[in-house]
Amino acid sequence: MFDYTFQWRQALRYVPDLMDGALVTLQIAVLSMLIGGAIGIVLAVGRTAQSPWARWPATAWVELARNTPALFQIYMAHFGLGSFGIYISPYAALLGGIAFNNAGYLAETFRGALRAIPETQTRAARSLGMPPIQAFRLIVVPQMFRIAFLPTTNQMVWAILMTSLGVTVGLSTDLTGVTQDINARTFRTFELFALAAVFYYVIAKVVMLGARLLAWRLFRY
Amino acid sequence: MLETDLSLNDMMFLARGAGVTLLITAISVAGGTLLGIIFGVARMNLGRVVSGLLAVILDVFRSVPLLIQLILANAFQAIAGLGLQPFTTACVVLALYTAALCSEIVRGAIGAVPTTTRRASRSLGMTWTQDMTYVVWPMALRVGLPSWIGLVLSVLKDSALVFWLGIIELLRSSQILITRLQEPMTILLIAGAIYFIISFPIARLGGHLERKWREND
Amino acid sequence: MIEVENVHKSFGALEVLKGVTVTVEKGEVLSVIGGSGSGKSTLLTCINGLETIQKGRILVDGTEVHAKTTDLNKLRRHLGIVFQQFNAFPHLTVMENVTLAPRKVLGMGKTEARDIAVQQLENVGLGDKLDVYPGRLSGGQQQRMAIARALAMSPDYMLLDEVTSALDPQLVGEVLDTLKMLADKGMTMIVVTHEMKFARQVSDRVAYFHKGILAEIGPPEQIFDAPQNAETKTFLSSVG
């Protein structure tokens, strides 16, 4: 057992490359959360709408996103759309797949948060002369964000972890992609991926910590 | 798209993949749940230091991508000369991953049982074991079961990643067919539908239980 | 002037207002009393258009509330309403609660809205709570804030829906004092209330609602000392 020499020094040489990869990972995660969050709000409102034309597609999106693997969703973006002769780059496929997934999960988070805000809040806002959209924007949405904040933060961490799937469609610029690229040249699999694991762990912790500080700043009430 | 070269043999191939997916999920969930309960209860009853250490270790499984965990475990077993089959490695990793998530559910569920209730049962002369068996467990089960069903579903979906170790589960088998038949959309849709058919009823059951139990409270 | 003409209102099969007619003059204080489910609170939410009606019409200064062409958002600027549940906006400070609508609905500048808010909040005795979040206030303070919030829109009318019902007994007085002060200033008010003593003191007229019908209306002396209607008598003796 263990007739293997760990080559940590060699692996550590690649830290700057992993750093570049980590930035791409963060970029994809942030973008996927922004896109997913915006769509998620629309889906959350759509799922509670009266009209079946709004409810049905929103429900379908949410159920598909939550009941199939994220990897499947990324494959759909990459190979599936590819079959229509549209070329989807690995980056776009990964971003699209994760954004699709985020939107489905965030929609449910937002829907739960919306339900938690009493109808009387809207009534009070309307009776002060606010039109429906204004009442929603100024009174409902800010309160919704507070309730949804923690689950949304967890989703952000999920999004970061999910970006590692990009390597399966050939992405080589994110943290996992860069690691795999170097691995293919050096065969220091364990050392390199252990290093990548540390990177992911630190990023996840920093995001959680940042979110906690942000919550403390934002939600004084 | 509707014209397809997909043969009955190919469908059987996909079905076998689905079987592998289900088998890995079942083994991992069974092992992971058992471990998760042990870890969860341990974290609530051991000293601060041990419990804190356990918390940090379990947290690592939740903060590192599963794909990386699989790659690391596989590399490690090769280095250590354990000679494990990829299937075994995959099950061990998924079970540990499940255990990490499950221990949180267990902790949350036990924590949701009011201290006053537990004090009442202890003051009736029940032992710790009796208190756990007759009072805490049934109450915690109601709180934890919907989340646990959610966990089962996420393990089912996450098990797709074991293809990296060369295991031909559902998604990997669909990819093999895609390479051969060049009909990505059709094959992916079938694979997606199989996932959905397995997953959706379980998700509904979880939602149903959650609603039913909330109404009774 | 608020004119309610033969208003019918149903929630599904349940008819809560069965042809109510009443007029409130400028500067008048009308108290509305009656048992729970008598439709008295529904009347208020119909007047400011939060609820639709099935029959009849309601005019506020000549504008028909439920006409399709009526801009309800504009109309509601003239109708302040305060609810039983205070409905404070929990994510905004007391000051922000009060300045929000003047700024966003009336398009008032920051300083102007602030000045008005400070004045209104001082009037209701919350001058020292400007930057506090409602969660830190007592029920009575939250309710007084809600009154100040409605007043900051400079409404012509105030609709008060059982504003003391959700309060602990020792907090009722401070809110009623605020309402008395408003009445003394000549604010036109419709006050749905269970506080009979208060109704007797401040009202120009008192209306008794029974099962969706305006059973009796008149000056407080008549309603409380010499009720004409048998139902009114029964109700008043039951509430002591």
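Start by selecting helices H3 and H4 of chain C in this predicted model: where H3(C) and H4(C) cross, the crossing is right-handed. H3(C) covers 94-104, and H4(C) runs over residues 110-123. Look along the two axes and you will find that they come within 9 Å, crossing at roughly 125°. That angle makes H3(C) oblique to H4(C), because it falls between the perpendicular range, which ends at 115, and the antiparallel one, which is over 145.

Now show the side chains at this crossing. On H3(C), pick Val94(C), Met95(C), Val98(C), Thr99(C), Pro102(C) and Arg103(C). Facing them from H4(C) are Lys110(C), Ala113(C), Arg114(C), Ile116(C), Ala117(C), Gln120(C) and Leu121(C). Colour this contact by class and you get eight nonpolar, two polar and three charged residues.

Keep H3(C) selected and bring in chain A. Here 19 residues of chain C are in contact with 18 residues of chain A. Add helix H2(C), 72-76, to your selection: H2(C) and H3(C) each give at least two residues to the side of chain C that touches chain A. Which element supplies the largest share of that side? H3(C) does, with three residues. By class, this side of chain C has 10 nonpolar, six polar and three charged residues.

Last stop: chain A against chain B, a contact that takes 30 residues from chain A and 28 from chain B. On chain A, select H3 (52-67), H4 (70-80) and H9 (189-218), the elements that give two or more residues to this side. H9(A) has the largest share, 10 residues. Coloured by class, the chain A side shows 19 nonpolar, eight polar and three charged residues.

Methods. Residues numbered from 1 in each chain as written. Chains lettered and ligands numbered in written order. Predicted model: local features only at pLDDT ≥ 70, side-chain atom pairs only at ≥ 80, totals over all residues. Contact = placed C-beta atoms within 7 Å. Helix = DSSP H or I, 4+ residues; strand = E, 2+ residues; numbered from the N terminus. Nonpolar A, V, L, I, M, F, W, Y, C, P; charged D, E, K, R; others polar. Axes fitted to C-alpha atoms, helices over the stretch in contact; angles between N-to-C directions. Parallel < 35°, antiparallel > 145°, perpendicular 65-115°, else oblique. Left-handed = near helix turned anticlockwise from the far one by under 90°.
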